[in-house]
Amino acid sequence: MLEAGERAGFELTIDWRPIWKSFANEILSTSEKPCLILYHPQGGEDSTSVLLRDSEWLSVNGMQSGHGSGHDVPVWEWVRRDVALLPPKPTLDLEPNYEDHLVNPWPQWNPTNGFFRDDDVRRAVFAGACGTTYGHHAVWQFASVRGPVINHADMGWRLAMQRPAARQMSYLRQLMLSRPFFGRVEAPEMLPAGSSDDPSRQAIATRSEDRSYAFIFFPQARQRIEIDFAAVRGPRRAWWFDPQAGMAEKTALPNTKTLILMTAPNGVADAVLVVDCVDRNFPSPGLLQGRMS
């Protein structure tokens, strides 16, 4: 965006914030209904909490983890930072990896980097974000045989509408709304320091404030993670949730507060362990109950 502005003849030192403030205030003063206003920043850790600090017109703090820093941008750290700010505002990654977008395409794409696929885009709500954003590389540009494509889009937009992650976003919604949505907090106490056998792929836990349930995100299959189940009132039951199929399978848990080791089912890249307090009688967190494939 900076390069585009420079090509258009604008000085890079221009402060555009008064203009955005004027736009926003005009919308707020003339609209007959409450408005939700966001601002989409450039990629990187400088979210709107940095660029537009103390902007009263801004409803949601946003960031862009983007497509140019590999598969595991630590967006959860940026989310945690912004969620902790006062006064509190919802926080959202406005442009995470797009499905089938090139990995690190700038300044020139190395084909060995490949593409972001569905498991790349199923990320980072559990750190406290108010939701997630989905995009597809062919859809945003309406790629087709009628004209040139941008950044090597490898399919047309109509085919892209049927891609796996587009369907899987509905499964994520089903999971998050299967338990009370408001009052959910991050639960680092469930994952003690050194609990994972692969610290580079960080597990994240979230639970309800009343300790009636918890979600634990496993970032890869066959990952062994030490979990403290005391954060959920006992007795407890548990489900493995498959984000690829939207299905949930019951799994046994010992009725204990001690630390134990868990491993996600084989073949599921980013399963979620759902732990419930039995007396709440929550339903299955999946669309269907069955075995995970």
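Q: Is Phe142 buried or exposed?
A: In this predicted model, Phe142 is exposed, because its relative accessible area is 52% and the cut-off for exposed is over 50%. You'll find Phe142 in the loop between H6 and helix H7 (157-160).

Q: What is the sign of phi at Phe142?
A: Start with the general idea: most residues other than glycine have a negative phi, and most peptide bonds are trans. Now the case here: Phe142 has a positive phi of about 50°, although it isn't a glycine. His152 also has a positive phi, near 60°, and is a residue other than glycine. His152 lies in the loop between H6 and H7. With a relative accessible area of 48%, His152 counts as partly exposed.

Q: Which residues does a cis peptide bond join?
A: One such bond links Leu86 and Pro87, with omega about -5°. Pro87 sits in the loop between helix H4 (75-83) and S2. Another cis bond runs from Trp106 to Pro107, and its omega is near -5°. Pro107 is placed in the loop between S2 and H5.

Q: Let's step back. How many helices and strands does the chain have?
A: The chain has 8 helices and 11 strands. Its C-alpha atoms fill a box of roughly 65 × 45 × 40 Å along the principal axes. For 293 residues, a compact globule would have a radius of gyration near 19 Å, and the chain has 21 Å, which agrees.

Q: What percentage of the residues count as buried?
A: Of the 293 residues, 43% count as buried. On the outside, the chain exposes about 15900 Å², and carbon and sulfur atoms supply 55% of that area. Contacts tell you about the fold too: among those between residues at least 6 apart in sequence, 67% join residues at least 24 apart.

Q: Where do the side chains of strand S9 point?
A: The general idea is that in a regular strand the side chains alternate between the two faces of the sheet. Here, Ile260 and Met262 in S9 (residues 259-263) point to one face and are buried. Leu259, Leu261 and Thr263 point to the other face and are not buried.

Q: Which strand do 5 bridges join to S9?
A: That's strand S6 (residues 224-228), and S6 and S9 run antiparallel. For a pair you can look up, take Ile227, whose bridge partner in S9 is Ile260.

Q: How many residues does the largest nonpolar core have?
A: That core has 24 residues, and those with the most contacts inside it are Ile216, Phe218, Ile227, Met262 and Leu273. The elements giving two or more residues to this core are S5, S6, strand S7 (236-242), S9 and strand S10 (272-277). S10 gives the most, with 3 residues. Apart from this core lies another, of 23 residues, among them Val73, Val75, Phe215 and Phe241.

Q: What does Ile216 touch?
A: Leaving out residues up to four places away in sequence, the contacts of Ile216 include Phe126, Met190, Ile227 and Leu273.

Q: How many aromatic pairs does the structure hold?
A: There are 11 aromatic pairs. In one of them, the rings of Phe126 and Phe217 have centres 6.2 Å apart and planes at 85°, so the pair is edge-to-face. Phe126 lies in the loop between helix H5 (118-121) and helix H6 (137-140), and Phe217 in strand S5 (residues 213-217), so the pair ties together parts 91 residues apart in sequence. Both Phe126 and Phe217 are buried, and for Phe217 the relative accessibility is 12%. Phe126, Tyr213, Phe215, Phe217 and Phe282 form one aromatic cluster.

Q: Why does Thr91 count as buried?
A: Thr91 counts as buried because its relative accessible area is 1%, and the cut-off is under 20%. Thr91 is in strand S2 (residues 91-93). Among the residues that Thr91 touches, not counting those up to four places away in sequence, are Val60, Met63, Val79 and Cys130.

Q: Where is Val125?
A: Val125 is in the loop between H5 and H6, yet Val125 is buried, with a relative accessible area of 12%. Beyond residues up to four places away in sequence, Val125 touches Gly131, Thr132, Leu172 and Met176.

How values were computed: Residues are numbered from 1 along each chain as its sequence is written. This is a predicted model: local features need pLDDT of at least 70, side-chain atom pairs count only at pLDDT 80 or more; totals for chains, interfaces and linings use all residues. Side-chain values use heavy atoms; hydrogens and water are left out. Rings of Phe, Tyr and Trp (its six-membered ring) pair if their centres lie within 6.5 Å; planes under 30 degrees apart count as stacked, over 60 as edge-to-face and the rest as tilted. Helices (H or I, at least four residues) and strands (E, at least two) are DSSP runs, numbered from the N terminus. Buried means under 20% relative accessible area, exposed over 50%, partly exposed in between (1.4 Å probe, protein chains only). Contact means heavy atoms within 4.5 Å. Two strands pair if DSSP finds at least two bridges between them. The radius of gyration is taken over C-alpha atoms; the globule rule is 2.2 Å times the number of residues to the power 0.38. Accessible areas come from the Shrake-Rupley method with a 1.4 Å probe; for residues, only the protein chains shown count as cover. A nonpolar core is a set of buried Ala, Val, Leu, Ile, Met, Phe, Trp, Tyr and Cys residues joined through side-chain atoms within 4.5 Å.
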